[in-house]
Structures are given as structure tokens and as C-alpha cells.
Amino acid sequence: MIKSGLNALLTSCRVKSTLRIFGAALLVALAWSASAESIWPNQRQGDAVFKDFRLRSGEVLPELKLHYVTMGTAKRDASGNVINAALLLHSTSSTSTMWLQPVLADELFAPGAPLDANSYFVIIPDGIGRGGSSKPSDGLRMAFPHYRYVDMVAATYRLLSEHLGVNHLRLVMGTSMGGMQTWMWGEMYPDFMDGLVPIASQPTAISGRNWMIRRIIIEAIRHDPDWNNGNYDKNPTHWIYTAPLNGLMLDSPVSLQQKAPSREAGDALYREMVDDASKHDANDQLYKIEAVMDYSPAELDKIKAKVLAINFADDQINPPELDVVEPAIVHIPSARFVLIPASNKTHGHHTYFQAALWKQDLAKFMNSLPLM
């Protein structure tokens, strides 16, 4: 009896511990806590509004709002060119707050760090469909234009050039979706930046397992009996039971085994993932996933900026076995690829949250750029 009670207590403790770890490291859409609101130099947030924003498809959004966060102060040379701006792009399910989490911010923006906020003017936008930026759940639902990554990049370019008055970037850096858009920035605006750092991404169209997982979630939403072609009054809840499939691909098998070493812990982790999915608007999620459909960087030879591509050996979303990055970057002068080895500190695709593991490579890269 005592032994049975002790085992039950230990199982309960393991489950609770698992949830704490998962909540801290696995969920993409983590909100930063009050204690994480470090007062970075000149940290501000704002909104830019563009009337009649035309998308590549020809669709027009009567009013596009882009929310953003900045820190630091823009510095200009004698010709008026901004010389210290860094654009940071978030992942699919995240927002600008992603970069303000301590595991990233404390490693990147602190004094002496690679993007020291005392030296750099850091710009972190919410992409279309995310956070404080315009999205289907604001009211248009499925009448919201079907934006793609090219529209997200073009909108952010207007945010910089028209709203913030930034005419040059020292760096464009992004993770996952942001990493894919970093490749696009190099192709679309080759003279606009000195350096590109795509993280947890590959410069190739989405296909194979990566696309099939996205397709499963797309179809789960569209076939949810409560979705009603996007015209629902109550957020659909049937599709959320398939949502954890994506979460399983974002972490490494070793890390997941540590977090769910028993059926009980696995069930608790699954319920936590389902609960997280239920908090997101189904139309917003659908648009987020479908936005990748146009991603197919095919003109890498247009890139003029220096490139540092960083991926992770245990990333199942961008598995190194596909051998995509190194053959692609031979067309880019001064491009370098770093593959972070798997270890007990990595978390598969989500290792991009662990800036301590890759910030040294970023620091060397920043020091290699032309003098400001």
C-alpha cells in the first residue's frame, strides 16, 4: 500500500514537472511573463496602418495594420542611411513577444551581446495574421485576403521604409517561418541589408513530411463540423485534437521522451497541447498554415548580403538528411552554414529558442560584416 501510494505520488510529480518544462520550452506561442519585461533601451511598440494594401494575388485589404516593437535608437551616417538596424522575424505561431522571452532577449540584447540594444536599433514586427497585426479574427473571417509569405515580406518592407524611415538594415534574422522569410528578403531586396541569418529553415519549397503535417491540420480545420466555412460564432473545437501532431514534430524524440517518460505523462502533455490549440482562432490558424504555399526561393543568386544559415541536427521539420542548405548556398558568395549538433540541451526545431547555443556564431557573423 505504501509502495503503491509512493509510486502514484512520484508519477504525479513527474507529470507536473513535465507540464512545467513543456510550458517553458515547447509551446511556440508563449507569452512573456511580467518578470520577463526587461527594460531594454528605448523599448517601444506601435502600429503602422496602410490603406488599400494590395496583395500579390490582386486581393485588396482596405486597411492593413502592422504592430511592432522596437528597442535602441537608429543611427545614421553622413548620407542619412541607417547603419545599425536589425530586423527580427518570428516563427509561424509566434508574435513579436517571442523575441522578448529571456531565453532569447537576455542572450541577444544585453550589453556586450550580439545585438546589444545600446548599439543596435532592433525592429520586431508582428507578421500579418499574428498578434496585434491585422488577421481574419478581427472581423473579416474568411473574407480576409489570403496572404502569403511574399505579402508578409512586402508589408514589413513598407513598415520599415515608409513608417519607420529605415532605408537600410544591418541584419535580417528570423526563425522557422521568419527564417524562410529571411531568405526571401535577400532575394526581394538584395541591396537593403548587410547580413542575413535564417535559422531553422531551408531555402526550398515546402514538401514531403513538412507539407503533409500542415495539410493534416488544414484539412482538420476545414472538415471540422463546426467550422461552417469559417462563419462560426463559437470557435470550432474538433480540429484541436489533431493539433498536437505538429507539436510532436517541433521537439526532438529524445527531449519528448524526457518530458513524457510514461503513459500518464504523455497523456498530460497531450492534453496540454490540445488546450493550447483551443485558445487559437481556427481561421487565424488556417491562414497561418496556408500562407507558406508560395514559399519557393529560386533566385538565391540574387542575394548580395553575407549569409549565415543555422540549423539543428535533430530538427525533424528541416532534417539535415535532405541535404538542402549546403548545395543551395554555393550560389551565394560569402555564405556559411552551421549545423548545431544534437545534445541533451537541444530541442529539435525549437532549439531556435535556445539562443545560448547559437549566439556565438551570430556574434562572429556580426563582427564579420562591413564596418558601420
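**Sheet and cores of a predicted model**

Q: How many bridges join strand β3 to strand β5?
A: In this predicted model, strand β3 covers residues 85–89 and strand β5 covers residues 169–175. The two strands run parallel. The number of bridges that join them is four.

Q: Which residue in β5 is the bridge partner of Leu88?
A: Strands of a sheet pair through backbone hydrogen bonds, either parallel or antiparallel. For β3 and β5 the direction is parallel. Within β5, the residue bridged to Leu88 is Met173.

Q: Which are the edge strands of the open sheet?
A: The sheet has eight strands with mixed pairing, in the order β1-β2-β4-β3-β5-β6-β7-β8. An edge strand pairs on one side only. The strands concerned are β1 (44–54) and β8 (335–340).

Q: What angle does the direction of α3 make with that of β1?
A: Helix α3 packs on the sheet, where it touches β1, β2 (60–71), β3, β4 (121–125) and β5. Its direction relative to that of β1 gives an angle of about 115°.

Q: Which helix gives the largest share of the largest nonpolar core?
A: This core holds 50 residues, and Ile128, Tyr149, Leu169, Trp183 and Trp185 touch the most other members. Among the contacts of Trp185 are Val153, Thr156, Tyr157 and Leu160. Seven core residues, the largest share, come from residues 149–163, that is, helix α3.

Q: How many residues does the second core have?
A: This core is separate and includes Met71, Ala117, Tyr352 and Leu369. The number of its residues is 37.

How values were computed:
Residues numbered from 1 in each chain as written. Predicted model: local features only at pLDDT ≥ 70, side-chain atom pairs only at ≥ 80, totals over all residues. Heavy atoms only, no water. Core = buried A, V, L, I, M, F, W, Y, C linked by side-chain atoms within 4.5 Å. Buried < 20%, exposed > 50% of the residue type's maximum accessible area, 1.4 Å probe, protein only. Contact = heavy atoms within 4.5 Å. Pairing = 2+ DSSP bridges. Axes fitted to C-alpha atoms, helices over the stretch in contact; angles between N-to-C directions. Lists of a residue's contacts leave out its neighbours within four places in sequence.
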